[in-house]
Amino acid sequence: MAEKLKQLKLAAVNIDGVLLNDTFSPVIHNFIVSRGGEYTAEVERSIFSQPQLVGGQGMANAARVPWTAQEAIDVYFKEREEYLRDHPVELIDGAVELLRRLRALGLKTVSYGGLDKAHFDTYLGGRYGDLFDEPGYVCTNDFRPGLREITTEVFGLEYDQVLFIDDVARVAEVAKALDIPFIGHPSSFEHSFQPQLMREAGARHIVGSLHAIDEDLLHTLDAEAAARSVWHG
């Protein structure tokens, strides 16, 4: 039987890019380069884990099209629907096992992301709802990236009691600023700058597979959280 964690109480796991495959980066990249724009690390920073309208404006600016943020978002979601016909949303290998591992160690679990809860219900809530605690999913579009709100407002916890697992460096930057335990699972998309940006942010725990988030790593994070050394060890 797994030895329960002592410091951490909750694991907040990003939905797209951690539990579900990354169906955003390829579409954003194509949106920009197909219109003659340049895809850079700064472009990703201006779009990823931002409220939709902020991200839409970032895409429009990068693609050099004279569109409003909402117009860019509308086109983006249309192009994403087309992309999904050949590249459907799928669970990432090891996602269910990770959730079970987290719960076996005594953690509550919740997912979060920028899309509304219907996205969660469709791909996770229906079949795997028992692996999440209420509210199951938190839509963070209005307060991205949402670490403070999920920790203090939704669950009433301290920053050193929550582990965030995310694929975006901006989340790592906020986690560092708040001294929140963090594991990075950056996209493997060939044009992604997230692995580089996550390292530059100072993330010390970055994995290429969810299977790497094993009991040993989770106990390490638990000890570091108790010592407040996740970012400064």
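How many salt bridges does the count come to? The structure is a predicted model, and the count comes to 11 salt bridges. The exercises below examine some of these contacts, then the aromatic pairs, the helices and strands, and one buried acidic residue.

**Exercise 1. Characterise the salt bridge between Arg 45 and Glu 42, and state the network to which these residues belong.**

Solution.
Step 1. The side chains of Glu 42 and Arg 45 meet with an N to O distance of 3.4 Å. A salt bridge requires the nitrogen and the carboxyl oxygen to lie within 4 Å, and the pair is accordingly listed as one.
Step 2. Both residues belong to helix H2 (residues 41-47), where they are three residues apart, a separation of about one helical turn.
Step 3. Arg 45 counts as partly exposed at 30% relative accessibility, while Glu 42 counts as exposed at 52%.

The network is taken up at the end of the next exercise.

**Exercise 2. Set out the positions and accessibilities of the salt-bridge partners Lys 117 and Asp 121, and of Asp 179 and Arg 228.**

Solution.
Step 1. Lys 117 and Asp 121 form a salt bridge at 2.8 Å, N to O. The two residues lie in helix H6, four residues apart, or about one turn of the helix.
Step 2. Both partners count as partly exposed: Lys 117 has a relative accessibility of 37%, and Asp 121 one of 35%.
Step 3. In the salt bridge of Asp 179 with Arg 228, the closest N and O atoms are 3.2 Å apart. Asp 179 is in the loop between H8 and strand S5 (182-184) and Arg 228 is in the segment after H10, so this pair ties together parts that are 49 residues apart in sequence.
Step 4. Asp 179 counts as buried at 13% relative accessibility, whereas Arg 228, at 43%, is partly exposed.
Step 5. As for the network of Exercise 1, salt bridges that share partners join Glu 42 and Arg 45 with Glu 173.

**Exercise 3. Classify the aromatic pair of Phe 31 and Trp 67, and describe the setting of its rings.**

Solution.
Step 1. A search of the whole structure yields eight aromatic pairs. One of them joins Phe 31 and Trp 67, with ring centres 6.0 Å apart and planes at 75 degrees. Planes over 60 degrees apart count as edge-to-face, and this pair is of that kind.
Step 2. Phe 31 belongs to helix H1 (residues 25-33) and Trp 67 to the loop between helix H3 (52-63) and helix H4 (69-86), so the pair connects parts 36 residues apart in sequence.
Step 3. Phe 31 is buried, at 0% relative accessible area; Trp 67 is partly exposed, at 27%.
Step 4. Arg 35 lies over the face of Phe 31, 4.5 Å from the ring centre.
Step 5. Elsewhere, ring pairs link Phe 24, Tyr 76 and Phe 77 into a cluster. Arg 80 lies over the face of Phe 24, at 4.2 Å from its ring centre.

**Exercise 4. Identify the elements against which the buried residues of H5 and H7 pack, and describe the pairing of S2.**

Solution.
Step 1. Helix H5 (residues 95-104) has buried residues at Ala 95, Val 96, Leu 98, Leu 99, Arg 101 and Leu 102. These pack against strands S1 (10-14), S2 (108-113) and S4 (162-166), and against helices H6 (117-128) and H10 (215-227).
Step 2. In helix H7 (residues 147-154), the buried residues are Leu 147, Glu 149, Ile 150 and Thr 151. Their packing partners are S1, S2, strand S3 (137-139), S4 and helix H8 (169-178).
Step 3. Just after H5, Gly 106 takes a positive phi of about 95 degrees; just after H7, Gly 156 takes one of about 65 degrees.
Step 4. In S2, five of the six residues are buried. S2 pairs with S1 in the parallel sense over five bridges, Ala 11 standing opposite Thr 109. S2 also pairs with S3 in the parallel sense, over three bridges, and here Gly 113 stands opposite Cys 139.

**Exercise 5. Establish whether Asp 167 is buried or exposed, and what surrounds it.**

Solution.
Step 1. Asp 167 is located in the loop between S4 and H8.
Step 2. Asp 167 is buried yet has no salt bridge. The nearest side chain of opposite charge is that of Arg 144, 7.1 Å away, against a salt-bridge limit of 4 Å.
Step 3. Apart from neighbours within four places in sequence, the contacts of Asp 167 include Asn 14, Asp 16, His 185, Ser 187 and Gln 194.

How values were computed:
Residues numbered from 1 in each chain as written. Predicted model: local features only at pLDDT ≥ 70, side-chain atom pairs only at ≥ 80, totals over all residues. Heavy atoms only, no water. Phe/Tyr/Trp six-rings, centres within 6.5 Å; stacked < 30°, edge-to-face > 60°. Buried < 20%, exposed > 50% of the residue type's maximum accessible area, 1.4 Å probe, protein only. Lys NZ or Arg CZ within 6 Å of the ring centre and 35° of its normal. Contact = heavy atoms within 4.5 Å. Lys, Arg positive; Asp, Glu negative; His and termini not counted. Pairing = 2+ DSSP bridges.
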